[in-house]
Structure formats: C-alpha cells, structure tokens
Amino acid sequence: VTTAVSGRDGRAVSLRGLRKSFGSVVAVAGVDLDVADGEFFAMLGPSGSGKTTVLRMIAGFESPTAGAVELGGRDVTRLAPFERDVNTVFQDYALFPHMSVLENVEYGLRVKRVPKAERRARAMEALASVRLDGFEKRRPAQLSGGQRQRVALARALVNRPRVLLLDEPLGALDLKLREEMQVELKAIQREVGITFVFVTHDQEEALTMSDRVAVFNAGAIEQVGTPAEIYERPATAFVAGFVGTSNLISGTTARAVLGKEGTFSVRPEKLRVVLDDADVAGSDEHSAEGTVSEVVYAGPATRFVVDLDTGTRLIALQQNQEVSSMDVMGLRGRRVRLVWQRRHEFAITS
Ligand code: ATP
C-alpha cells in the first residue's frame, strides 16, 4: 500500500517527448503533456492529427518511436497493456453479444480470478454507477445505443483503473442521445472520481465535457487549456478556426484598428452590429466599418456576414432578443459598424 501511495504525485498521465512514426509517416511528432488525477481531459483534433495514436501509446497498444509514458509518476513505456493501471473503452464498445450485461461487466474480474461474491458485488456497483441497475440479465442486443455505451463504461470501471481511456466515446450515438450522454458521462466521471482521457474530433463534445482540452494538429499539440481558454483565447490560427469561427483580423485591418500589424481574433458573439450613423464605440471598445453581405436567421440568433472595407470578412452572431427591434433581413447590403470590447481581442500566432 505504501509504495502505491508514494507513486501518486497528482499526475495521472505524463507524456515526455512522445513520438511515433509508421514507416515514413510521422503520426505523433513530439508530445509533452500532464493530465492531473481526477481530470476529465479531451484530446481534440481533426482526423489524422495523431490523437488516437497517443491514446493507444498510453494504453500500451502501440510502442513509441521515442519518448516516455508515465502513469502516476511511474514510467510504463515498456509495460504491456495489462500491466498498466488503465482501461480503454472502444468506440464500438466490443461487448460480448452472447453474454448478459452482468456477465459482460464481470468478465475482467473473472479473468483475474476474483472470487464470485466480490465479483458480483463490484459488477453491481459498477452498473449502479452508470445507472443500469435492473438491466443485469439483458443481452447487448436488447439495449439502446446509449445503454450499450454505459455497459462498456461499467465493464472498464469495474477494474477501478487509475485512468480510463475513451476513444470517440459518443461517436456511435445519434445527435440527441449524444447530447444527453455528454451530460451523463460528465456526471458519472465526477461520481467515480477516476481520470478520464478521451479522444474526439467534435469540438462541442470536448468543450462541454472536459476540465481541460489539448488541441492536436499534424501530430503535435497546438494548445492546452480549459474549454473557456481554448474558446476565448485561442493561441493559434489553427485553434481559432478549428474550435468555433476564427474571425481573424490581420494585416491592414489590424493596423486600421490597433495602429499596428499583427493578427487577432474576436469571436462572432462578441461583435455588436450597429448602424454606422448611431452608437459610437466607447473608449474600451474597438470598431470597424463594413458592408453586410449575408443575413442568416437561425432561430435564437441571427448570423451576419460583414465584409470590412479592408477586405477582411467577419461573422457576427447576435441574439435575436437584442436585434428584434431591427428589420434584420433588410440589413443585407447596408453599411454597418462592428463594435467589440478590447478585452475580447486575442492575439494569434502563426
Ligand atoms: P482519427 O480521428 O481519424 O482517428 P487521429 O487524429 O486519431 O485521426 P491517428 O489515427 O492517430 O489520427 O493517425 C495519425 C496518422 O498516423 C495518420 O496519418 C494515420 O494515417 C497514421 N497511422 C495511424 N496508425 C497507423 C498505422 N498502424 N500504420 C500506418 N499509419 C498509421
């Protein structure tokens, strides 16, 4: 017990200079990352950006070309998957179709020769934690997609791993169920207190569920931060564009607005659309003039596409409660001023 406790340094997962090549393809190009105990952590990025390969190296299914994987401060780079204190929930759930829900969840403990009474108790506890009590006798085929997902989760949680790895955990579910499970998965993680590391290409999923997000691009991490930091202070042009609408203001516009060269970003919902003969910007605000080229009514909000005089195109999103007094559709072709608070501008590198 003492050694196990002394191994706990608050870092569930540490990646040190992690690289992976498949022949001439560099899948992971040098990743350094620390995930804290108890975190719900997302690896977000487009297809082919290397996030699944990183997950598989944490699990032990791939061995790195260079670098190290530590779990709880212990170097596990050369250990087999079963020797690591991690479990993986695969996207297709990989449930045994001929076994009941209970047998599926007990399976790992059976392999480890855990006595029957303890096995049963732990499986029931795991099923309760994913709110599937009463479903023990069903077969996977008799469950909904969301319920199958929770069986797969229970089957991993029953081992009480230090870290649970999830590969596109909600990818097989339809939109409505996915939104419900986003909330559910977060609640389950909070209750069990286990570190969750999951891979997704869905920015909304990453922002909704995670304590922190690492944004991957071309085998490397572009930015690590809380969902609010990633969204409101994107560090690079790639992050600004991959998470939300980039709204990059650069070159001549930056000089016109800021009096200097460079690139910055302002999110669409931070821009206020005003008719240019009204509402002059305050001292803590910046503004730019342009012409409305599109107005798209989208229920609770209206989306304006505005072409600035400098050639930059920006998107502004206004809640309809704020714009109801205007004849918004009639603004197409009109001159407007976009106004935003200076604190909502963020400098962008590269
Ligand atoms: P996706 O969301 O599509 O799963 P990803 O971000 O998880 O993408 P990876 O699956 O990690 O990306 O792949 C990263 C790169 O490595 C890709 O170019 C991919 O084609 C390549 N790659 C992954 N696995 C292998 C393999 N076993 N052999 C050869 N190339 C591979």
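The protein contains 11 helices and 18 strands, where helices (H or I, at least four residues) and strands (E, at least two) are DSSP runs numbered from the N terminus. The model is predicted: local features need pLDDT of at least 70, side-chain atom pairs count only at pLDDT 80 or more, and totals for chains, interfaces and linings use all residues. Residues are numbered from 1 along each chain as its sequence is written.

The C-alpha trace spans about 80 × 45 × 40 Å along its principal axes. Of the 350 residues, 35% count as buried; a residue is buried if 20 or more other C-beta atoms, placed from the backbone, lie within 10 Å of its own, exposed if 12 or fewer, and partly exposed in between.

The shell around the ligand (residues whose C-beta atom, placed from the backbone, lies within 6 Å of it) includes Phe22, Gly45, Lys51 and His201. Strand 2 (25-36) and helix 2 (51-59) each give two or more residues to this shell, and the largest share, 3 residues, comes from helix 2. By class, the shell has 3 nonpolar, 8 polar and 1 charged residues. Ala, Val, Leu, Ile, Met, Phe, Trp, Tyr, Cys and Pro count as nonpolar, Asp, Glu, Lys and Arg as charged, and the others, Gly among them, as polar.

Most residues other than glycine have a negative phi. Arg131, in the loop between helix 4 (116-129) and helix 5 (145-157), has a positive phi of about 55°. Arg131 counts as partly exposed because it has 14 C-beta neighbours inside 10 Å. Asn247 also has a positive phi, of about 45°, and lies in the loop between helix 9 (237-242) and strand 11 (248-250). With 22 C-beta neighbours inside 10 Å, Asn247 counts as buried.
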